[in-house]
Structures are given as structure tokens and as C-alpha cells.
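User: I am new to this structure and would like to learn how to read it. Please take the features one at a time, with the general idea before the case.

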Amino acid sequence: MNIKPLMDRVVIKMTEAEETTASGIILAGSAKEKPQVAEVVAVGPGKKDVEMNVKVGDKVLVSKYSGTDVKVDGQEYTILKMEDVLAVVE
């Protein structure tokens, strides 16, 4: 099944959260932060006043608690508005 976002929506797949700190401490599940880096899976066509500045495959930074989490064919995705994409990571 494919997800095709409407209007100014973007479908992303979050990257895995860090399981250890830089100093090597293993984090418990409750101590992990929600990751903010994601990969764009699908992009909607946009609206008159909203330019879609990302494309499929881009790595992006997103607002921490934005979007709606969905599960399709066992994969977890987040659908959010273009305005919740903060930057493209190069």
C-alpha cells in the first residue's frame, strides 16, 4: 500500500533514537528522546500559498511533537504539514 499525502502534507519516516550517549551510557526506553531527523517518504502537491521545499529521499529536521503517527503495512510513519519541517539536512 502506498501513502499519497494531500495538500501541503509530507509523509516522513523517523530515524532510530540513540540508544547510547556519546560517553557510552546505555539509555533506558523512557530516557530516549523522540528523534527529530527523518527521511521524506512522500510529498503532497502543495497549496497556492505553500511551496513544497522538500522531495522524496531528503533528510529533514522536524518539530519535536508535530504530526500524526500512522502505521501502514507494519511500518510507522508520521504525516505532518510542510510548515512543521524546519530544515533539510545535507
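**Reading the salt bridges**

Analyst: By the rule used here, the count comes to 3 salt bridges, a salt bridge being a side-chain nitrogen of Lys or Arg within 4 Å of a carboxyl oxygen of Asp or Glu. This is a predicted model, in which local features need pLDDT of at least 70 and side-chain atom pairs count only at pLDDT 80 or more, while totals for chains, interfaces and linings use all residues. Residues are numbered from 1 along each chain as its sequence is written, and side-chain values use heavy atoms, with hydrogens and water left out.

User: Which side chains meet Glu39 and Asp58 in salt bridges?

Analyst: Glu39 meets Lys59 at 3.6 Å, N to O. This pair links distant parts of the chain, with Glu39 in strand β2 and Lys59 in strand β3, 20 residues apart. Strands here are DSSP runs (E, at least two residues), numbered from the N terminus. Asp58 meets Lys55 at 3.2 Å, N to O.

User: Is Asp58 buried or exposed?

Analyst: Buried means under 20% relative accessible area, exposed over 50%, and partly exposed in between (1.4 Å probe, protein chains only). Asp58 counts as buried because its relative accessibility is 13%, whereas Lys55 is exposed, with 56%.

User: What is the strand order in the sheet?

Analyst: Strands of a sheet pair through backbone hydrogen bonds, either parallel or antiparallel. Here two strands pair if DSSP finds at least two bridges between them. The open sheet has 6 strands in the order β4-β5-β1-β2-β3-β6, with antiparallel pairing. Its edge strands are β4 (68-72) and β6 (85-89), each pairing on one side only. Strand β2 (residues 37-43) joins strand β3 (residues 59-62) over 3 bridges, and Val37 stands opposite Leu61 in β3. Between β4 and strand β5 (residues 75-81) there are 5 bridges.

User: Which strand gives the most to the largest nonpolar core?

Analyst: In soluble globular proteins, nonpolar side chains tend to be buried together. A nonpolar core is a set of buried Ala, Val, Leu, Ile, Met, Phe, Trp, Tyr and Cys residues joined through side-chain atoms within 4.5 Å. The largest one has 12 residues in all, including Val10, Ile12, Met14 and Met52. β1 (9-14), β2 and β3 each supply at least two residues of this core, and β1 gives the most, with 3 residues.

User: Where does Asp84 lie?

Analyst: Asp84 lies in the loop between β5 and β6. Asp84 is buried yet has no salt bridge, and the nearest side chain of opposite charge, Lys81, is 7.4 Å away; Lys and Arg count as positive and Asp and Glu as negative, with His and the chain ends not counted.

Technical notes
Helices (H or I, at least four residues) and strands (E, at least two) are DSSP runs, numbered from the N terminus.
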